Amino acid sequence: MSIPKPLKPALPSALLGAALALSTGTASAQADNLEGALERGATHSVLWFASPETGDLIGQAFANDSQAGQTILARCLPDLGCAVEAARFADEAPQEELERMGFSAQPSGWTLITHARDAYMLTNLPLQERELQTRHGRLSITDDHRLLFNDRAVLDSPPAPPEAPAVAQSSAATPAAAPSPPRQSPGRSA
């Protein structure tokens, strides 16, 4: 019969990581809504989040080529607030690998987002305004969370849902409309 060796005391960072895992719902069966400021990296990106309980910085990372990464990066811009709906997390985040990626900050802990149902930019404009006049033009956010600059979309809107198959059309080509003549100002003769 062997006597078990006494366990070494856990390091504070290990305790923090375990507490983070329990408090942020990293079990893959649970989905959470989350938000943070987006920082894009070469292979992974992160949403920075400050814990409301402690104020600690948390890195919510994701692989750019993952389902979560494709969803988030298609709908959010770097350095702006981003909300993610129905996020799912890996059971464990690769802490050391993420720390070596050269992000702008070193958080108290990491989570790894593996799935996101949807994402959209947050309105980070002052005083809860939906538009802001800048020296370069007007920046606004629509009710459906699209960012516009001078009334032009900065990011394309999410793809439309697939429609029913198109009905077969006649094989006869429709003739092109002739261009209309240029308009003349009233009172001017040609």
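Buried means under 20% relative accessible area. Keep that cut-off at hand for the exercises below, which use a predicted model.

**Exercise 1. Decide whether W110 and F103 are buried or exposed.**

Solution. Start with W110: its relative accessibility is 4%, so W110 counts as buried. Now take F103, where the value is 9%, so F103 counts as buried too.

**Exercise 2. Work out which strands pair with β2, and in which sense.**

Solution. Begin with the strand itself: β2 covers residues 44–50 and is mostly covered, with five of its seven residues buried.

Next, look towards β1, residues 32–39: this strand runs antiparallel to β2, and three bridges join the two. The connection is a hairpin through four residues.

Then turn to β3, residues 57–63, which pairs with β2 over seven bridges, also in the antiparallel sense. Here six residues lie between the strands of the hairpin, and G55 in the turn has a positive phi of about 80°.

**Exercise 3. Find the residues that stand opposite W48 in β1 and β3.**

Solution. On the β1 side, A37 stands opposite W48. On the β3 side, the bridge partner of W48 is G59.

**Exercise 4. Classify the ring pair of W48 and W110, then see which further ring joins them in a cluster.**

Solution. A pair of aromatic rings is described by the distance of the centres and the angle of the planes. By the ring-pair rule, the model has three aromatic pairs. For W48 and W110 the centres are 5.7 Å apart and the planes meet at 50°; tilted pairs fall between 30 and 60 degrees, so this pair is tilted.

Where do the two residues sit in the chain? W48 is in strand β2 and W110 is in strand β5 (residues 109–115), 62 residues apart, so to speak a link between distant parts of the chain. Both W48 and W110 are buried.

Now add F103, which forms a tilted pair with W110: 5.8 Å centre to centre, with 45° between the planes. Putting the steps together, ring pairs link W48, F103 and W110 into a cluster.

**Exercise 5. Locate the disulfide and assign its handedness.**

Solution. The count comes to one disulfide. C76 and C82 are the cysteines it joins, with an S to S distance of 2.1 Å, which is within the 2.5 Å cut-off. The torsion about their S-S bond is about 65°, so the disulfide is right-handed. To finish, check the surroundings: C76 and C82 are both buried.

Technical notes
Residues are numbered from 1 along each chain as its sequence is written. This is a predicted model: local features need pLDDT of at least 70, side-chain atom pairs count only at pLDDT 80 or more; totals for chains, interfaces and linings use all residues. Side-chain values use heavy atoms; hydrogens and water are left out. Buried means under 20% relative accessible area, exposed over 50%, partly exposed in between (1.4 Å probe, protein chains only). Two strands pair if DSSP finds at least two bridges between them. Rings of Phe, Tyr and Trp (its six-membered ring) pair if their centres lie within 6.5 Å; planes under 30 degrees apart count as stacked, over 60 as edge-to-face and the rest as tilted.
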